[in-house]
Amino acid sequence: MASGQWQALAEQFQVICPSGGGPGAGDPSKQRGQASCGHCVSVAGLQGWVQALLDQGITSFRCPRCPDAPWLWQEVCKLGLFSDEIRAMLETQILAQEGTRASYRQCPRCQHLVQRLEPGPLRTPCLLCSQRARRLCCFCWGCRTDWPDASAHADLHCPLQAALHDAPTIQAPRSSLHSCPSLRACPRCHALLSHTLRGCPLVLCPECQCSFCYRCLELSRGHAEGGTLGESQPPPSA
């Protein structure tokens with residue numbers, strides 16, 4: 001969706017409150033919240049706007065007034081005061097869109113979605129669970145299990161990391177993948193996969209559809225020049 005259309009839709013639903021309006025309570029149609037970018041947001045307007053964007057297949061959100069300020073799904077839900085039922089319905093729409101699993105994961109505790117924009121540590125905090133428990137609650141972005149110690153930054157608790165650590169290397173002297181690990185984690189969504197040794201080192205993740213080099217794990221913007229993508233597959237136990 002073009003920037004002009006995005007902003008016009010936000011104006012239609014009056015997402016951003018007039019200057020001088022601050023956070024408030026009471027009548028849902030007049031409730032407001034303050035976004036991380038500093039703008040005051042209408043709760044009712046945000047709810048309608050989010051639904052309209054999802055109906056058009058848009059699953060990433062940003063402030064209509066400052067396009068460089070992303071609103072993560074966790075923040076959108078907090079600002080929109082979504083009930084569990086409405087949030088679950090909206091998140092079903094999100095997961096139905098192709099490619100969203102690269103930036104969204106379901107928390108194993110509350111089953112609601114957590115979004116992140118860039119690859120990062122596996123330890124992922126859940127804002128909703130942390131607020132309810134009044135302590136930091138985290139889960140593993142890779143294997144989607146509850147993180148046993150929210151204060152620990154090491155990824156040693158993760159079964160995904162254990163599988164990668166124990167994977168044998170590829171023994172194929174004539175292949176460019178000789179001595180590479182036989183198991184890799186997608187650098188974007190952390191899904192496990194292996195190379196069939198057919199085709200070039202550049203593979204396509206079957207989970208999030210991103211392409212990357214099986215040797216160095218560098219993300220690619222396109223197919224191999226003058227060649228074809230190598231074949232990947234989930235591990236036998238997946």
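Start by selecting helix 2 and helix 4: they pack at about 25° with their axes 10 Å apart, and are therefore roughly parallel to each other (an angle under 35 degrees). Axes here are lines fitted to C-alpha atoms over the stretch in contact, with angles running from 0 to 180 degrees between N-to-C directions. Helices are DSSP runs of H or I, at least four residues, and strands are E runs of at least two, numbered from the N terminus.

You're looking at a predicted model, where local features need pLDDT of at least 70, side-chain atom pairs count only at pLDDT 80 or more, and totals for chains, interfaces and linings use all residues. Residues are numbered from 1 along each chain, and side-chain values use heavy atoms, without hydrogens or water.

Now show side chains where the two helices touch (contact means heavy atoms within 4.5 Å): Val-50, Gln-51, Leu-54 and Asp-55 in helix 2 meet Met-89, Leu-90, Gln-93 and Ile-94 in helix 4.

Next, isolate helix 4, residues 84-96. Colour Arg-87, Leu-90, Glu-91 and Ile-94, its buried residues (under 20% relative accessible area, 1.4 Å probe, protein chains only). They cover an arc of only 100° around the axis, going by directions from the axis to the C-beta atoms, which puts them on the same side of helix 4. Flip to the other side for Glu-85, Thr-92 and Ala-96, which are exposed (over 50%).

What sits over the buried side? The cover includes helix 3 (73-80) and helix 5 (127-133).

Last stop: helix 2 with helix 3, packed at about 135° with axes 8 Å apart. Val-43, Leu-46, Gln-47 and Val-50 of helix 2 make the contact with Trp-73, Val-76, Leu-79 and Gly-80 of helix 3.

Conventions
Expected span 1.5 Å × (residues − 1). Parallel < 35°, antiparallel > 145°, perpendicular 65-115°, else oblique.
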